[in-house]
Amino acid sequence: MFNKKECVAMLLAGGQGSRLYALTQDVAKPAVPFGAKYRIIDFPLSNCINSGIDTVGVLTQYQPLVLNEYIGNGQPWDLDRIHGGVHVLPPYQKAMGADWYSGTANAIYQNIGFIDRYDPEYVVVLSGDHIYKMDYNKMLEFHKSKKAAATIAVLDVPKEEASRFGIMITDDDDNIIDFEEKPKVPRSTLASMGIYIFTWEKLRAYLIANEEDETASKDFGKNIIPDMREAGEKLVAYRFDGYWKDVGTIESLWEANMDLINPNIPIDLYDPNWKIYSRNPVYPPQSIGKNAQVQNSMVTEGCVIDGSVEFSMISDGVIVEEGAVIYDSILMPGAVVKKGAKVEYAIVGENSVIGENCQIGARPETIEDKDSWGVAVVGHNLTISDGSNVLPKAIIYEDM
């Protein structure tokens, strides 16, 4: 077959991201700005092309407009291919009617036709809301060497955190002998990363069987993986030892951004051999004014900084006026912080304006206070009136 590909990637990007509150009201979670010049989806897309996978289906559903526009023809990630490339795959009308994606497995099931066009031997299934750098080709070679039906990427997590994840129990040869979904008393610390490689012939059969079972929940973790294990299929765990973070909450999104400016965290955006690609608007160079003080921060194109910025992520087109202070915070694209305002331990959404002499959030007095104080959030496209006070942990959806 002319279009045949050894491996096709399916990127699940339809989640609502309800725990991110104000930041995902009008934007799909994978399209949320991250790391000053990226969006979350840049990481799995860049991993695909860096791993030699040039055919990617992006499964969208919730608030897809910004994400669709951002992906476009895939050119920034070298995924504008005649045969293959990146394809946005929303739910669509079929002869039997139309259905929303009702789970991760159902989303892939509804796109069996897309996958079959490329007649792949293998399919890698990815989540669109994780921050990490990973060579999927190494995982694929491991999958092939094990002659597995499914390979699940796992991360060894601290025992006290294991109950937050799907946990794999393995034997000495990394064969998965049991699987527990968020167990109260974990029997292992190998957490599923939500990254799967399947032999397509096997997965296809299980997706069809799962869809025909009206009582099934149409989910990989709850049905497909357990069904394959119970049927005696060979399932193996691929151990990953690099940086990985699920950015599904306000706190984890803030922490992952701050990790980028922490020299002790092993994720390197400056590695020329594994670039993270993105679609960036055309802006003039950043301007650092005579009154500016910038330390331990990332500042992107088009920014005009005339205030104080420390330990912060400053996205493209941001303005920080004279006398404004930004500490331990994330300013998303187009945000404006006016004179005398303080933004501390906070996230300010795209194109929002913080008025003069406002106080947004507050820095914890000690590291022990961090969780009790919490990150303040101002959503997208809002105006915070002069002199307003947004308390720690507050989440603002409307102008005030």
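Ile384 counts as buried because its relative accessibility is just 1%, where buried means under 20% relative accessible area, exposed over 50% and partly exposed in between, using a 1.4 Å probe and protein chains only. This residue is found in strand β29, residues 383–384; helices (H or I, at least four residues) and strands (E, at least two) are DSSP runs, numbered from the N terminus. Not counting residues up to four places away in sequence, Ile384 touches Val353, Ile354, Gly355, Cys358, Ile360, Val378, Ile396 and Met400, a contact being heavy atoms within 4.5 Å. Ile384 and Glu398 sit 14 residues apart in sequence, and 8.8 Å separates them in space, C-alpha to C-alpha.

A word on the model itself. It is predicted, so to speak of local features takes a pLDDT of at least 70, and side-chain atom pairs count only at pLDDT 80 or more, while totals for chains, interfaces and linings use all residues. Residues are numbered from 1 along each chain as its sequence is written, and side-chain values use heavy atoms, with hydrogens and water left out.

Now for the whole protein. Nine helices and 31 strands turn up in it. Its radius of gyration is 22 Å, which agrees with the value near 21 Å for a compact globule of 400 residues; the radius is taken over C-alpha atoms, and the globule rule is 2.2 Å times the number of residues to the power 0.38. Along the principal axes, the C-alpha trace spans about 65 × 50 × 40 Å. Of the 400 residues, 56% are buried. Among contacts between residues at least 6 apart in sequence, 60% join residues at least 24 apart.

The unreviewed UniProt entry carries a "binding site" annotation on Tyr101, Gly166, Glu181, Lys182 and Ser192; positions are given in the numbering used here, feature names are shortened, and annotations may be inferred rather than shown by experiment. These residues are spread over 92 residues of sequence, and also in space, with up to 23.3 Å between C-alpha atoms.

Take Tyr101, which has its place in the loop between β5 (85–89) and α3 (104–109). Its relative accessibility is 10%, so Tyr101 counts as buried. Beyond its neighbours within four places in sequence, Tyr101 is in contact with residues including Leu59, Pro90, Asn106 and Gln110. Ser192 lies in strand β11, residues 190–199, and counts as buried because its relative accessibility is 12%. Leaving aside neighbours within four places in sequence, Ser192 contacts Ile152, Ala153, Val154, Phe165, Gly166 and Met168. One of these, Gly166, is also covered by the "binding site" annotation.
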